Amino acid sequence: MAEDLTQDVKGVNKWKVEVDSANKRQKDFWNSGGRVVRRFLDDRKDENYRTIEVENQFRLNLFHANVTTQLAMMYGRIPQTDVARRWADPNDDIARVASELLQRLLNLTVQAPGSTDSDLLRACLQDRLLPGLGVARVRYTFEKEVTEERVEVVDPETGMSAIQMQQNETIVDEKAPLVYVHWRDFLWGYGRIWADVSWVGFKTYLTKEEFIQRFGEEKVEYVTFNKIPIGTKDEEYADDKDQPWMKTEVIEIWDKESRRVYWYHEDCPDYLDVRDDPLGLQGFFPCPEPMAANTTTTLYLPRSDFKIAQDLYNSIDLLQTRISIITKAVKVVGLYDASNGDIKRMLQEGTDNDLIPVDNWAMFAEKQGLKGQIDWLPLSDIVEALAKLQELRSEQIQLLYEVTGMSDILRGSSEQYSGVGQEQLKAKFASVRIQHLQDDFSRFASDLMQIRAEVICNHFEPESIYEQASAQYMMDSFELVQQAIQMLKGNEINWMWQICIKPESIAMVDYAQLKAERVEYLTAIGTFVNAVEAIGAKEPEMLPFLMELMRWGMAGFKGSQQIEGVLDHGIDQVKQRLANPPPQQPPIELQEIQAKHQAEMEKQSKKAQDDMMKLLNQHKAKLIEITADTQAHEATERIQAYFNILETEAKMKADIAVERTRSKSRG
């Protein structure tokens, strides 16, 4: 135990060095990020963080306009997570059902009333566009429900049984929430690229009550609580100085090398808490790679987009200031001869069609009238200078668009008579210029949902997955759903190889394109059905193959997994029908011929029976006649034997006649 304690103390010293180094390394980024945010909000402060208004200073805040446009364009609606089979294998029904279960669980939290997932992603994107770093993480939370039940306990010595109350704990209400991390509360280890980063840290600020509830009373004596958290003397935390509660800073450190989590406070000689890999994630970190702006392979450290184009923004503001000052100077003003007060009356009292008398007209005319006694401010020179400044400002704005990637099509301006094809080319070109940023945001959202899916598969109970996904209403069988849940709860590598998670859409949705895709899909299915209809009619045994081919094609369309179960059921019915075909009905013409032959056969059979009865009656009459004439016993026996022979012979003839008739009907 003493050896472990010594190692822990050494570990605390190690993390003190790591945290101090990270704070020093990221200090410039925090200071720069604070200034960028204030520039976005046009919050003008001096060195003491006091709001000031500089006289004759005007800003054309294009930075705010550009960021707002990019944010609205890239995040137009609540994102929907698309979970599908990685290779779209049509025969992998277990992976299909597992994908639908995960998709329901991931989208459930996004669309739930009061959910903050949408605001979280928007905040992360805004942090990426402003200071240059967007971070979020995933947690696992649950509640336990304690129940009591009666249990019969047998005493092994006496053999007597007794009833006792036993408490059982059941995990209920499992969640995997997304948590927003402010860009100033995120630390990371030294590395040239993100793959080299060995640890990440999350700052949290706790009151004394929260600290005691989380870490106990024995460690609170080492900790100091302030209104300004630790490290807030720097510029980037100036806005936090007015928070009302006494708090202290705790850093939650996730170390990839040891796969352990440490809770660290710089004043505490020991760890506040230590836990082994609480989430069991493949990448260990509870957060995806952040959205970091303008990183290089020299050092993994973000740099705001504003810093790249700050000279242009400042130049445009300087031009705007001069334009505003000169605009104030554009007014009708001049000088006149003070000895002639009538000139001033001309501007103050003069109205339309009005004449003002001059007392000494001869002297007024001798001085060349108004031209010789008044001199106006040269507005032509001022207006020319103003026009030149406005032209220069337009050039600077266009240059800013080229540097930042903002184009006219993204700002909603286009030529009046440009064609549809030209506008589509503009839109495609504009989207290409910011495609990297869009891909980075999509990657961030996908990785975040991937981590959430791992947490669900690693920690959620099968009952929770079944209930929260409303699996009882799925069209697939209960056995298939259970197999899918078992796959998710099994080896995570297996299901990650088979299932792909990505955001369906995080940009402004194009309903026309969505409609075109669905119409194209329905058209393709209709064309396929018409093409194979003739083949299926002539060769019914080809139907299963054709339907399998259609299912293979359907698996490549987004959202098809919801109806693939119906298609699978139809394929099974077709196969079963072909395996057990119903008795074939002959054609109508053949049925008519068979009916005629059947009627003819019945007619001949009835005639044969009538002939047999007629012959039998004749023999009976003859027998009666012989019996009446012959009284001897021997004669009677002979006649009776003769009668039996005749009767048997008549029946045989009748049977032969019927069989011949049936044979003719079959022929």
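## Conventions and overall composition

Two strands are taken to pair if DSSP finds at least two bridges between them, and the strands themselves (E, at least two residues), like the helices (H or I, at least four residues), are DSSP runs numbered from the N terminus. On these terms Ile-251 has Tyr-264 in β9 as its bridge partner. This is a predicted model, in which local features need pLDDT of at least 70 and side-chain atom pairs count only at pLDDT 80 or more, whereas totals for chains, interfaces and linings use all residues. Residues are numbered from 1 along each chain as its sequence is written, and side-chain values use heavy atoms, with hydrogens and water left out.

The protein chain has 21 helices and 14 strands. Of its 667 residues, 36% count as buried, where buried means under 20% relative accessible area, exposed over 50% and partly exposed in between, with a 1.4 Å probe and protein chains only. The accessible surface of the protein chain comes to about 40,600 Å², and 54% of this belongs to carbon and sulfur atoms; such areas come from the Shrake-Rupley method with a 1.4 Å probe, and for residues only the protein chains shown count as cover. Among the contacts in the protein chain with a separation of 6 or more, 71% are between residues 24 or more positions apart, contact meaning heavy atoms within 4.5 Å.

## The five-stranded sheet

An open sheet of 5 strands follows the order β6-β7-β8-β9-β10 with antiparallel pairing. Its edge strands are β6 (186-188) and β10, each of which pairs on one side only, and the twist from one strand to the next averages 20°. Strand β7 (residues 199-206) is joined to β8 by 8 bridges in the antiparallel sense; in this pairing Gly-201 stands opposite Ile-253, and Tyr-205 has Glu-249 as its bridge partner in β8.

Strand β8 (residues 248-255) in turn pairs with β9 over 5 antiparallel bridges, with Trp-263 in β9 as the bridge partner of Glu-252. The hairpin of β8 and β9 has 4 residues between the strands, and there Arg-259 takes a positive phi near 50°. On the other side of the pairing scheme, β9 is joined to strand β10 (residues 273-276) by 4 bridges, again antiparallel, and Val-261 has Arg-275 in β10 as its bridge partner.

## Burial and cover of the sheet

In a regular strand the side chains alternate between the two faces of the sheet. In β8, Thr-248, Val-250, Glu-252 and Trp-254 point one way while Glu-249, Ile-251, Ile-253 and Asp-255 point the other way, and all are buried. With 8 of its 8 residues buried, β8 is therefore largely enclosed by the rest of the structure. Strand β9 (residues 260-264) has 4 of its 5 residues buried, so β9 too is largely enclosed by the rest of the structure.

Helix α5 (residues 208-215) lies across β7, β8, β9 and β10 and runs at about 130° to β7, where axes are lines fitted to C-alpha atoms, for helices over the stretch in contact, and angles run from 0 to 180 degrees between N-to-C directions.

## The three-stranded sheet and helix α13

An open sheet of 3 strands has the order β5-β2-β11, with antiparallel pairing. Strands β5 (178-181) and β11 (291-292) stand at the edges with a single partner strand each, so one side of each is left without a neighbour in the sheet. Strand β2 (residues 133-138) is joined to β5 by 4 antiparallel bridges, and within this pairing Val-138 stands opposite Leu-178. Helix α13 (residues 435-459) packs on the sheet, touching β2, β5 and β11, and its direction makes about 15° with that of β2.

Asp-440 is found in helix α13 and is buried, with a relative accessible area of 16%. Leaving aside its neighbours within four places in sequence, Asp-440 is in contact with Arg-128, Met-291 and Ala-292.

## The packing of α2 and α4

Two packed helices are described by the angle between their axes and the distance between the axes. The axes of helix α2 (residues 62-74) and helix α4 (residues 117-129) come within 10 Å and cross at roughly 140°. That makes α2 oblique to α4, given that angles under 35 degrees count as roughly parallel, over 145 as roughly antiparallel, 65 to 115 as roughly perpendicular and the rest as oblique.

The crossing of α2 past α4 is right-handed; a crossing is left-handed if the near helix is turned anticlockwise from the far one by less than a right angle, and right-handed if clockwise. Phe-63, Val-67, Gln-70, Leu-71 and Met-74 in α2 meet Arg-122, Leu-125, Gln-126 and Leu-129 in α4.
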